[in-house]
Amino acid sequence: MGALFLTEQDVSELLDIRSTIKVVDAAFRQWADGKLENVPRRRAQSTGFVLHSMSAAAEYLSLACWKQYATTRAGARFHVGLYDTTNGNLAALIEANRLGQLRTGAATAVAVGYMAAQETSEMGLFGAGYQAESQLEAVAAVLPLKRVFVYSRDANRREAFAERMAARLNLEIEPVDRPQLAAEEVPLVVTATSSREPVFSGEWLDENALVCAVGSNWLHKAEIDSVTVRRADHIVCDSIEACQHEAGDFVEAIERGNFSWDRAVNLADVVAGRAVGRSHAPGIRLFKSVGLAMEDLAAAAEVLKRAHLEGRGTVLPL
C-alpha cells in the first residue's frame, strides 16, 4: 500500500485537542525513557524565503517523521512526512498547519497539568490569533477555567477573539485594553504572539504565577523579559537543547547574568517524575516552548491511526 495523503480538513476532522494532549503527554514520557529522539529545528534561508526543518523518531510508535514548512510574505505551508521504521517506507504525507496548532496547545496543556495549581480558574492570555485559540482551548481542557483576560494590541482582534472563544468554550472571556490586566494578580499567564519584544513586565506577576511562553522561536524575538526569567523559581523547557538554539526569551537574561542553562529542566523529566514542576511549591514557574518535531510525530501518528480506521485520505503511488 502506498503512502496516505491527508489534508488539513482530514486533520481537523480526525484530531481534537484532548486526544492530542494525551498522545503528546505520552510522547514526553517515552522521551524520558529513551524511546524517542528529537532533532531541533534548523533553517535554510534565501531572499524572502525560509525553510524550517525538524525531525523525530519514536521506537514505541515504530514511526519517524520530518516536518518541513516554508514561510514567505505570502504565508506559510506546513507538511509532515511519516516513515514506518520497520521498513523505511513513507507511511503518510500530511498537511500540518492544524496539526501544528493542536500540538503546540497540547504541549502547553501537558506543562500546565504538572506545573499549575489544579484549582486554577483564571488565566491571562496575550495574543488573539490562531495559536492563541489552541492555547486557550488546551488549557481549558486540563484546568477548571472560568475567567480569561485576553490582551492584544489590536482592539478589534481581541474583542472578536473574546466573543468567538467565549461562545466556543462557554467561558467568561474579557478583552482588556492594558497588558497589566492580563498579567497582574493572575495565577496563569500564557503568551502566544508574534511580538519581537516582551509583552508584559515581569514585575507585574503574582509571586506564585505560572507563565507559559510559546510564541517566540527565534533568538532575536522575546515575549517575556529578563525580569520574568530572573524572578522564576522553576524553569521548564519543552527541550533545553532546542531552547538553546532558538529561545530568544532567555538571551537578555543570560547577558545580564540573570540566567544560566543549569537552572532549566526538560519537560520530559517533569512528566517522568525525575524533575519537579513545583505546582505545589511557592514561587513563579516558567514554561518555555519552542515547538518540537516529537510533538508533531505523536500527533501525526494519531491522525494516521484514525485515518486508517475511518478510511480517510488519498493513497499516493509512493
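The largest pocket is lined by 42 residues, and Gln131, Thr193, Ser194, Gly215 and Lys221 are those nearest its centre. The model is predicted: local features need pLDDT of at least 70, side-chain atom pairs count only at pLDDT 80 or more, and totals for chains, interfaces and linings use all residues. Residues are numbered from 1 along each chain as its sequence is written, and side-chain values use heavy atoms, with hydrogens and water left out.

A pocket here is an open set of points on a 1 Å grid over the protein atoms alone, where a 1.4 Å probe fits, with protein on both sides within 12 Å along at least five of seven lines; lining residues have an atom within 4 Å of a point. The space in the largest pocket comes to about 1,100 Å³, a volume being the space filled by probe spheres set on the points. Two or more lining residues come from each of strand S2 (36-46), strand S4 (63-72), strand S5 (75-84), helix H3 (97-115) and H4. H3 gives the largest share, five residues. Helices (H or I, at least four residues) and strands (E, at least two) are DSSP runs, numbered from the N terminus.

Two helices are compared with their expected span, which is 1.5 Å times one less than the number of residues.

| Helix | Residues | Expected span | C-alpha end to end |
|---|---|---|---|
| H2 | 17-32 (16 residues) | 22 Å | 23 Å |
| H5 | 155-169 (15 residues) | 21 Å | 21 Å |

In H5, the buried residues (under 20% relative accessible area, 1.4 Å probe, protein chains only; exposed is over 50%) are Arg158, Phe161, Ala162 and Met165. Seen down the H5 axis, they fall within an arc of 100 degrees, taken from the directions to the C-beta atoms, and so line one face of the helix. Asn156, Glu163 and Ala167 are exposed on the face of H5 turned away from its buried side. The buried residues of H5 pack (heavy atoms within 4.5 Å) against strand S7 (122-126), helix H4 (130-142), strand S8 (147-151) and strand S9 (172-175). At the N-terminal end, Asp154 caps H5, with a side-chain oxygen 3.0 Å from the backbone nitrogen of Asn156. Asn170, just after H5, has a positive phi of about 55 degrees.

H2 has buried residues including Ile17, Val24, Phe28 and Trp31. The buried residues of H2 pack against S2, H3, H4, helix H9 (267-271) and helix H10 (293-310). A side-chain oxygen of Asp16 comes to within 3.1 Å of the backbone nitrogen of Arg18 at the start of H2. Gly34 follows H2 and has a positive phi, near 80 degrees.

Terms used: A polar contact is a pair of N or O atoms within 3.5 Å; within protein, one must be able to donate a hydrogen and the other to accept it, and residues adjacent in sequence count only if both atoms are side-chain atoms.
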